Each structure stands twice: as C-alpha cells, then as structure tokens.
Amino acid sequence: MKMAAANFNNIVESVYNLPLEEKLELKSLLEHNIADAGRDEIALSYKQARDEHKAGKLKFSSDIDELMKML
C-alpha cells in the first residue's frame with residue numbers, strides 16, 4: 001500500500017511541475033476518461049438488469065410497504 005501511495009505522490013508531484021498547457025491537456029484527457037468510465041458503468045448496469053429481468057429475478061411493486069420489504 002505504501003508503494004502505491006508513493007507512486008501516486010510522485011505522479012501528483014510530476015503533474016504539478018508540468019507547464020500550464022500540459023496540465024490543461026492532462027485535465028481534458030482525464031475528464032474524457034472519467035466520462036467514458038461512467039458510460040461503461042451505466043452500460044454494464046443496464047446489461048445486468050436486462051439479464052436479471054429476462055431470468056425473472058426482478059420483482060416489481062407499486063405498494064410502498066412491499067417496496068420497503070424488498071429493500
């Protein structure tokens with residue numbers, strides 16, 4: 001764990017030492033990467049829910065008491 005923290009600290013220090021233009025480029029790259037990861041997570045959740053629905057594993061109800069029991 002200490003090695004990972006040391007590597008992270010080294011990366012942060014390296015980023016702080018970059019020129020402004022390179023920091024902005026890195027920021028843009030990270031923002032796009034984060035957005036892509038979010039979309040991938042949504043797609044995976046959708047596929048899992050679709051598969052559970054097809055397998056009949058999902059339960060639905062409009063009754064509040066029943067919904068609370070499901071939680």
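**Charge pairs, extent and surface of a three-helix chain**

At a relative accessibility of 43%, aspartate 51 counts as partly exposed. In this predicted model, aspartate 51 forms a salt bridge with arginine 50, and the closest N and O atoms of the pair are 3.6 Å apart. Arginine 50 is likewise classed as partly exposed, at 32% relative accessibility. Both values fall in the partly exposed class because that class lies between the buried limit of under 20% and the exposed limit of over 50%.

Confidence in the model was examined next. The mean pLDDT of the protein chain is 92, and 99% of its residues reach 70 or more. By element, confidence is highest in helix H2, which covers residues 20–54 and has a mean of 97. The lowest value belongs to helix H3, residues 64–70, with a mean of 87.

The secondary structure consists of three helices and zero strands. Read from the N terminus, the order of elements is α-α-α. Helix H2 contains 35 residues, and at 1.5 Å a residue it should span 51 Å. The C-alpha atoms at the two ends of H2 are 51 Å apart, so the expected and the computed span agree. The expected span rests on one less than the number of residues in the helix. After H2 comes glycine 56, which has a positive phi, near 75°.

The overall dimensions were then considered. Along the principal axes, the C-alpha atoms of the protein chain fill a box of roughly 60 × 30 × 25 Å. The radius of gyration of the protein chain is 22 Å, whereas a compact globule of 71 residues would have a value near 11 Å. Buried residues account for 0% of the 71 residues. The protein chain exposes about 6800 Å², of which carbon and sulfur atoms supply 60%.

The salt bridges of the model number three. Side chains of opposite charge can pair when their charged atoms come close. Besides the pair of arginine 50 and aspartate 51, a salt bridge joins aspartate 36 to arginine 39, with 2.3 Å between the closest N and O atoms. These two residues both belong to helix H2 and are three residues apart, about one turn of the helix. Aspartate 36 is partly exposed, at 38% relative accessibility, and arginine 39 is also partly exposed, at 49%.

A further salt bridge links lysine 27 with glutamate 31, whose closest N and O atoms are 3.4 Å apart. Lysine 27 and glutamate 31 are separated by about one helical turn, because they lie four residues apart in helix H2. The relative accessible area of lysine 27 is 48%, so this residue is partly exposed. Glutamate 31 has a relative accessible area of 45% and is therefore partly exposed as well.

The surface also carries a nonpolar patch of about 550 Å². The residues that make this patch are Ile64, Leu67, Met68, Met70 and Leu71. Leucine 67 is located in helix H3, the helix with the lowest mean confidence in the protein chain. With a relative accessible area of 32%, leucine 67 is partly exposed. Patch residues must have over 30% relative accessible area, and the 32% of leucine 67 is therefore sufficient on this criterion.

Definitions and conventions. Residues numbered from 1 in each chain as written. Predicted model: local features only at pLDDT ≥ 70, side-chain atom pairs only at ≥ 80, totals over all residues. Heavy atoms only, no water. pLDDT = per-residue confidence, 0-100. Patch = residues over 30% accessible without salt bridge, like charges linked within 9 Å, V, L, I, M, F, W, Y side chains within 5 Å. Areas by Shrake-Rupley, 256 points an atom, 1.4 Å probe, with all protein chains shown as cover. Salt bridge = Lys/Arg side-chain N within 4 Å of Asp/Glu carboxyl O. Buried < 20%, exposed > 50% of the residue type's maximum accessible area, 1.4 Å probe, protein only. Rg over C-alpha atoms; globule rule 2.2 N^0.38 Å.
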